[in-house]
Amino acid sequence: MSRLVPATPTAFHRLNPLTKVTLATTGSVGAVIVGGYLGPLTILGVMIALAAQAGVLRALLRASLFLTLPLAISVVLVSVFTRAGTTVLFQVGPFDATMEGVDFAGQTLVRLLAISMSIGLFVMTTEPRAFVFDLERRGVPPRAAFVAVATIEAVPTLIERAGVIGESQRARGLDTEGSLRARLRGLIPIVAPLILGSLTDVEERSLALESRAFSRPGRRHLLWTMPDSSPERVLRWALVLVLVLAGIARITGRI
Amino acid sequence: MSFSWGRFDTRTIVLIPIAIAINIVLGQTVAAALKIPIYLDSIGTILVGVLAGPIPGLVTGLLANLIWTYVLPAPLQSSYAAPFAVVAAEIGFLSGVFAQLGWFRSRPNSSGQQLVIAAVVALVIVGGLAIYTVSRFYTGAFTFFSPEGDQSVAFQLLGWLIAVGIVGVIVGFLALLFLRRDAGVAYVVVAGVIMGVISALISAPIAAVVFGGVTGSGTDLLVAAFQQGGSDLQTAVLQQGLLSDPIDKVVTSFVVFLLLRSVSRRVIARFPQGEAAVGMERP
């Protein structure tokens, strides 16, 4: 069980996972609901302050910029140059860069950054297994929890397996580099054995699980609990309330 | 055969994480590396829908996108997957229904007559859907070839490229159908197109409101083109989706169809809906 207890360097890390995920969801959904510049920028500010407190600010900034960069390039190109508008700033060939497009791109960018910083902060400060087991303790079906935890293991396994298959196909003379066409053709001899092999593995794994009472009905009793406090509970409900109020305000057109 | 919503037996529960991993690995590597305007991030979801039933498919789609955002560790995690969980759920559900109707069955050695009927029926259904969507969503804004539209060379070229792409897909479909002599291809194409159109209708508002209409992949070029052609953002995203989603879902469904043919029937029959999906119990 020791590996389940996450290292707790800061107070923010020690918060219950549910509190952190509520914060992340309020931040990301809130940024979409409120819109404009002020709301998302406020959320960004809060997340930066919390990340600094948790000591992950540099890593978080790097990760969300990396994640947002391809989208950012697209947003700028798509909206600055092709969004209809009256105030033309400059022209490139047939494309007018409009003030309205710049404004829209700016709003989208702050919104996307607010989303990725909110969720990124949660992911960086929370041990995923602790989050899933905490949810299970709160009543999420054990099978859903199993799926979540097994996926964490399955993704690296699959990538490793793809690497092994790729190498053995190359040893048999498969061309996986070069032109786009060659790479496309090289994809099939890797992807097909990858998926087929995983499918045949299912049988073995489910037998192993069955022999360990996987389908036994009733609740599992977890030896391990995540600390939770009443201030945190109040904070969670307050965040949900803020989100609901923002939604109502948005629908009724007050913001 | 009575309709079933599907079952969560141990095999299905074990299959779901693997399917989600397939979605994530292929969705990230293929779409990002090849820069083609399709996503290929629902092979696993469709696989579960086909093998286990509509509800397991739905749950897989939903969980896949939520896990992608909230549970996976950093290099694989993507904060932008969760908003599209509804779309993934819809794909899983529909693939389960279609598989139960037998649309993912292989029909080898079909006679020439059957092939022609299958081709005509599939083209009529797809064509009907296409005419409906074009008349409903592309009127006034679909200005690639109209004299009022943007006449610049880039957009003429893009318009022709899209036209060539569509013709290519139809020719490829007919070639596959007649070369493989497998009427099942026609069913898979119809299933993929229906899933694609519905996915486009659901995902367009999400993409427009949350992401400003972009995904950071090759599809953004189409959004830019439609917006330049005079559509507002919401319409441009929908027009892009109605073009790329059906193609993406047809390709994905076809991959699953080919996989089902290559897996031994012994393996498939162990899943709750496996027998119905590949057609073992002939009436």
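I began by reading along the sequence of chain A, in this predicted model, and noted that its elements follow the pattern α-α-α-α-β-β-α-α-α-α-α. My tally of those elements for chain A came to nine helices and two strands.

I then looked up how extended the chain is, and found for chain A a radius of gyration of 24 Å, well over the 18 Å that the globule rule gives for 255 residues, so chain A is more spread out than a compact globule. Along its principal axes, the C-alpha trace of chain A spans about 70 × 60 × 35 Å.

On burial and contacts, I recorded that 33% of the 255 residues of chain A count as buried. I also looked at the contacts in chain A between residues at least 6 apart in sequence, and of these 70% join residues at least 24 apart.

Next I turned to the contact between the chains, which takes 55 residues from chain A and 48 residues from chain B. I listed the elements that give two or more residues to the side of chain A that touches chain B, and these are α2 (17-34), α4 (57-82), α5 (99-125), α6 (128-137), α7 (142-171) and α8 (180-210) of chain A. Which element gives the most to that side of chain A? I found that α8(A) does, with 14 residues.

Last, I sorted the side of chain A that touches chain B by class, and I noted 39 nonpolar, 11 polar and five charged residues there.

Terms used
Residues are numbered from 1 along each chain as its sequence is written. Chains are lettered from A and ligands numbered from 1 in the order in which they are written. This is a predicted model: local features need pLDDT of at least 70, side-chain atom pairs count only at pLDDT 80 or more; totals for chains, interfaces and linings use all residues. Two residues are in contact if their C-beta atoms, placed from the backbone, lie within 7 Å. Helices (H or I, at least four residues) and strands (E, at least two) are DSSP runs, numbered from the N terminus. Ala, Val, Leu, Ile, Met, Phe, Trp, Tyr, Cys and Pro count as nonpolar, Asp, Glu, Lys and Arg as charged, and the others, Gly among them, as polar. The radius of gyration is taken over C-alpha atoms; the globule rule is 2.2 Å times the number of residues to the power 0.38. A residue is buried if 20 or more other C-beta atoms lie within 10 Å of its own, exposed if 12 or fewer, and partly exposed in between; C-beta atoms are placed from the backbone.
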